[in-house]
Amino acid sequence: MPHPPISTTSGVEVTPLCDAVGPMGPSIARPPAELFPGSGLPDEPWVLHFHCYLIRDAAGRLTLVDTGIGAADSPVSSWAPVPGMLHGELAAAGVTPGEIDTVILTHLHGDHASGTVSDGRPVFENARHVLQRAELDAARGRMLDEIVTPLKAQLHVVDGDAEVAPGIHVHATPGHTPGHQIARAGELAMTGDLVLHPVQLADPAIRYLYDEDQETAARTRAEMLAELRAERAILATAHFSEPFHRL
């Protein structure tokens, strides 16, 4: 069953969907202190939770933020606990893929976007798929060939901050990837990989080994967390054990 939904002050209901739980596999696994240099984290496996988010607005329109790790042959099958459970989580929330109106992809890493396409066809066949221009321009390899190319007719490409559905906004947060974005619905911020581990809430300067531009990511994280704290926002995180965290 999905985690319980929460309602925002703007009348939007957000349900966390747990696509998977597990440590990184051997192809990219590193000790936590190496993944987050200077963090002082203990030398024990980092267990990731892979959360996607279902947004239902007052008119019943449905938006999905990220699509998880995908099938057993996913681009991330070498390190993520495939297959993902997104379809079962959606079904438990009473939603079919065809009912999704908008998909927001925070970025094109395989653990956030591999569930978008199955057998060469878009899973959410009626949805616009929102992606930052910078992320699209940087797409390469399997993510370009197997995810972006089948979606081309359904892509909604934005450049920077934009309202992508009534009351739902995306904000460019580059660093983890060139076109990383977060999604906002009222006081709730769905942060993708802006923040990977709770240790970065205490010190946003702590870098993450797999940020593509660690300096930009640290600066973006510090600036955005300061803005969100000033608003007393609620974070909806991708990889924390509990999906929601009030700043």
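Which residues form one aromatic cluster? The members are Phe-36, Trp-46, Tyr-208 and Tyr-210, and the points below set this cluster beside two nonpolar cores and some backbone features. The model is predicted, so local features need pLDDT of at least 70 and side-chain atom pairs count only at pLDDT 80 or more, while totals for chains, interfaces and linings use all residues. Residues are numbered from 1 along each chain as its sequence is written, and side-chain values use heavy atoms, with hydrogens and water left out.

**Aromatic pairs**

- Six aromatic pairs turn up in a search of the whole structure, where rings of Phe, Tyr and Trp (its six-membered ring) pair if their centres lie within 6.5 Å, and planes under 30 degrees apart count as stacked, over 60 as edge-to-face and the rest as tilted.
- The ring centres of Phe-36 and Trp-46 are 5.2 Å apart and their planes stand at 80°, so this pair is edge-to-face.
- Both Phe-36 and Trp-46 lie in the loop between helix 1 (32-35) and strand 3, so the pair ties together parts that are 10 residues apart in sequence; helices (H or I, at least four residues) and strands (E, at least two) are DSSP runs, numbered from the N terminus.
- Phe-36 and Trp-46 are buried, a term that means under 20% relative accessible area, with exposed meaning over 50% and partly exposed in between (1.4 Å probe, protein chains only).

**Nonpolar cores**

- The largest nonpolar core (a set of buried Ala, Val, Leu, Ile, Met, Phe, Trp, Tyr and Cys residues joined through side-chain atoms within 4.5 Å) has 24 residues, of which Leu-64, Ile-100 and Phe-124 touch the most other members.
- Two or more residues of this core come from each of strand 3 (47-56), strand 4 (62-65), helix 2 (86-92) and helix 5 (141-151), and helix 5 gives the largest share, four residues.
- Another core, of 18 residues, lies apart from the largest one and includes Val-12, Ile-104, Val-170 and Ala-236.
- Leaving aside neighbours within four places in sequence, Phe-124 is in contact (heavy atoms within 4.5 Å) with residues including Leu-64, Leu-86, Ile-100, His-129 and Gln-154.

**Backbone features**

- Val-82 and Pro-83 are joined by a cis peptide bond with omega of about -5°, and Pro-83 lies in the loop between strand 4 and helix 2.
- Asp-66, found in the loop between strand 4 and helix 2, has a positive phi of about 70° although it is not a glycine, and counts as buried at 2% relative accessibility.
- Asp-119, in the loop between strand 6 (117-118) and strand 7 (121-122), has a positive phi near 55° and is exposed, with a relative accessible area of 79%.
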